[in-house]
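This briefing sets out the burial, cores and overall dimensions of one chain, for reading alongside its sequence and coordinates.

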Amino acid sequence: MTEQTEWLCANCNIPLETGKVDVAYLDNAFPVDLLKCPNCGLVLIPEDLALGKMVEVEKQLEDK
Amino acid sequence: MEQSELRELEAQCIQECAPTCTAACPVHVDVKAMLVEIGRGDFSAALKIYRRSVPLPGVISRICDQPCREVCRRVDLDEAIAIRALERSCVEHGDLAGEKTRTPPKRRQQVVIIGGGVSGLTAAHDLARKGYKILIVEATDRLGGSLWRVDDGDLPKAILQHDLDAILALGIEAQYETPIDRVHLSDLRRQFDAVYLAIGAHMPDDFELERDEHGTVKVDPVTFGTNLDGVFAGGGILWGVEMRSAITSISEGRRAAISIDRYLQKVSLTASRIYEGPYTSCLYTNLQGLAAQPLIETKHPDEGYEWHEALQEAKRCIQCECMECVKVCEYLKAFERYPRKYVREIYNNLSIVKGTRYANTFINSCSLCGLCAEICPHDLDMGQVNLIARREMVTTKRMPPSAHDFALRDMAFSNSDKFQLARNAPGATTSDYVFFPGCQLSASSSEHVEQVYAYLGEKLPESKIGLMLGCCGAPANWAGRVDLIDDALANWRENYRTLGQPKVVLACSSCYQTFKKHLPDVEIVSLWELYDQLGLPEQSTISNQHSAISMHDPCTTRYDRVIQDSARNLVQRLGYQIQELPLSREKTECCSYGGNMWVANRDLAKKVVERRVTESELDYVTYCAMCRDFFARQGKRTLHLLDLIYTQDVNARAARRGPDFSQRHENRARLKRNLLNNVWGEDMPEQAAYEAIQLIMSDEVRERMDQRLILIEDVQRVLEYAQRTGRRLFNQQTQRYLAYYMPTAVTYWVEYMLQGEAFVIFNAYSHRMEVPGSVQSPHQQTGASS
């Protein structure tokens, strides 16, 4: 993905790039494509992802 | 949960018990289902249901003696449903001609049935449909026995013949004009695999069957087996008289057929044979609120019901069921089943090793209020079942972490230095009384806590009154966290000892329940009892309007009538007239705070409040801060009893929206600070660095945060972390920062801008999944403050 993003890592002062990020919950971990700082690894979880898909997966894992 | 416990719980719920009519019917016709179909106008479907139980539908629908009608619950309202007439309408208006009948696989065993009366025909019918080869040996030249002697007006011969033909069409063979005295039982036993004797009242003497003192054949009352292996007997042979009741003969023929089938398949004849034949139903059906509807008379008595008449009569059926608890509980209603099913689902949920636990949300959504147990004819308490389930889920590490988390963190806050306090009265080294207002009154109306403390000092001038702030641990109990409630209580007890173990004055009924159950040695008194005894404070305004007001009893006072009475006495003394809600006192409803429902199932909690607040147009008064605030937040004008006692402008007070979750924390902290300052002349301990962070936000953002259970302090923690570490994102378009941090189990995201020393907050959201960068790595922690 080469799409230009308006997001900068304010820590490293460089643009975020799409990359593999490990998200984890209750001893389960999955790699997800997310915007992240190529230098320090800070990630961006947008609001719709946090309140949508993430909540859904959290519930599934909690009920497993 | 053990399987035996499950069985006991299941047995307590009677919803699946057969209705009175079906239980009284010797063959258990599913009257309810049949009448639903007639009511819909589907006579064929109704006939199908009827035929499932009755092998001679034309006959029985005309001559049945209807034991069902005597026990029809409509008798208590007007008149029993005309069940037999409706059965006849099924036979006359229904049509199963086009229906495919399943041909059973043929079995090689042969059964001989002696006697072609009702009982013998039923056994022949049932066994033939199981694939056995059947021979009926009949003394006369036709089947049907005594049915031929029924008056033609009651049972036309053509209808009888039609039913008999239908049975013969199953491939049954009949040998006519073979009187019993020409038959030898020993021969039959040799030639056939089983024998059913259904020969009416007269039995030849040479049959070597055991008889009782009256000469009738002795059979096992369950299996209809005689003393001879493979020989069964039923019908008139047992009674010594000709047919008493056709439906009873059908029942006996059917039960004998079940035994014969089991005998031939070499399985237990006696296993699970309860509820055969007529019995008394255990179903409870509440008739309250049902109107009388007279029986539908037919215009042509000889011809039976016209279809539209039948339709109307069938609609008079109450469709008996219990559902008493479901009717009063929004929670039990929301999951669309009833306790018998629910306890099974809970049991399965607890037993499951791999796979999805579908009942988690159900288990965690209950308010544990106990109304179901109060309503249930057998005292089944779903709250207790759910609480046990929650504890088991915690023990087995299967409790969803998100379910009760917010309530538990609220409790942790209340038992932290921010709020917790235990002090003797200034200058005293021990206390006679200690006032423990609980966490939510302090959160909702901290000024009332100060007023009550002052009141107790004035009214009990001889006594030394101490004060304790904190949470009793109820949310931990509700969450199934035995460890946390034990901690909370042990901590409480330690503080209590420093005051010399005085009598505890409780304002909150959840605290009252917790103390009663978990601290039985601690002497407690309800604040409302004290006000009732000691009298209202001087500054109380007594209304001279005699306005009507509705009393909402907190669910945790369900069986504390003294507290309920005290609260009522006070309201009346303040000049109000109480109009009781339809469900009050021991039948009161929960406001959704109980059991942590308000956290575990936010949508359901809203419905629960909605239901309660629409039960009366009047303003409500209650004596639980949480009930008050939950009702008020959904727009219901509600007063706390202390509002009535201490507030001048009661009218405005009833409309007060109540604090949001952040304010609840702030109010508690402020209360502690004020009391320390004003009463004990002390200062609050140092603040943590993040608490000094100033926030600017719109009401809309604040409301959104509250909905998402994000507190001001959560946002402050994120900001403190972001500013200290520099770890944050920046959006070049909006010129806003976005930072995230996981102070506890939740990661909070805050979108903000700096404005001088303050932070302008635009948005906040959270999730529980862990992502890189949400916690401090160890090397970053050096130099971190507090």
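**Burial and cores in chain B**

Of the 786 residues in chain B, 46% are buried (20 or more other C-beta atoms within 10 Å of the residue's own, with C-beta atoms placed from the backbone). This is a predicted model, in which local features need pLDDT of at least 70 and side-chain atom pairs count only at pLDDT 80 or more, while totals for chains, interfaces and linings use all residues. Residues are numbered from 1 along each chain as its sequence is written, with chains lettered from A and ligands numbered from 1 in the order in which they are written.

**Nonpolar cores**
- The largest nonpolar core (buried Ala, Val, Leu, Ile, Met, Phe, Trp, Tyr and Cys residues joined through C-beta atoms within 7 Å) has 116 residues, and those with the most contacts inside it include V434(B) and L641(B).
- At least three residues of this core come from each of domain 2 (326-395) and domain 3 (548-658) of chain B, with bounds from an automatic or database domain assignment.
- Apart from this core lies another, of 76 residues, including C90(B) and I260(B).

**Helix α25**
- Helix α25(B) (residues 509-518; a DSSP run of H or I, at least four residues, numbered from the N terminus) is largely enclosed by the rest of the structure, because seven of its ten residues are buried.
- Among these buried residues are C511(B), Y512(B) and F515(B).

**Overall dimensions**
- The C-alpha atoms of chain B fill a box of roughly 110 × 65 × 50 Å along the principal axes.

How values were computed. A residue is buried if 20 or more other C-beta atoms lie within 10 Å of its own, exposed if 12 or fewer, and partly exposed in between; C-beta atoms are placed from the backbone. Helices (H or I, at least four residues) and strands (E, at least two) are DSSP runs, numbered from the N terminus.
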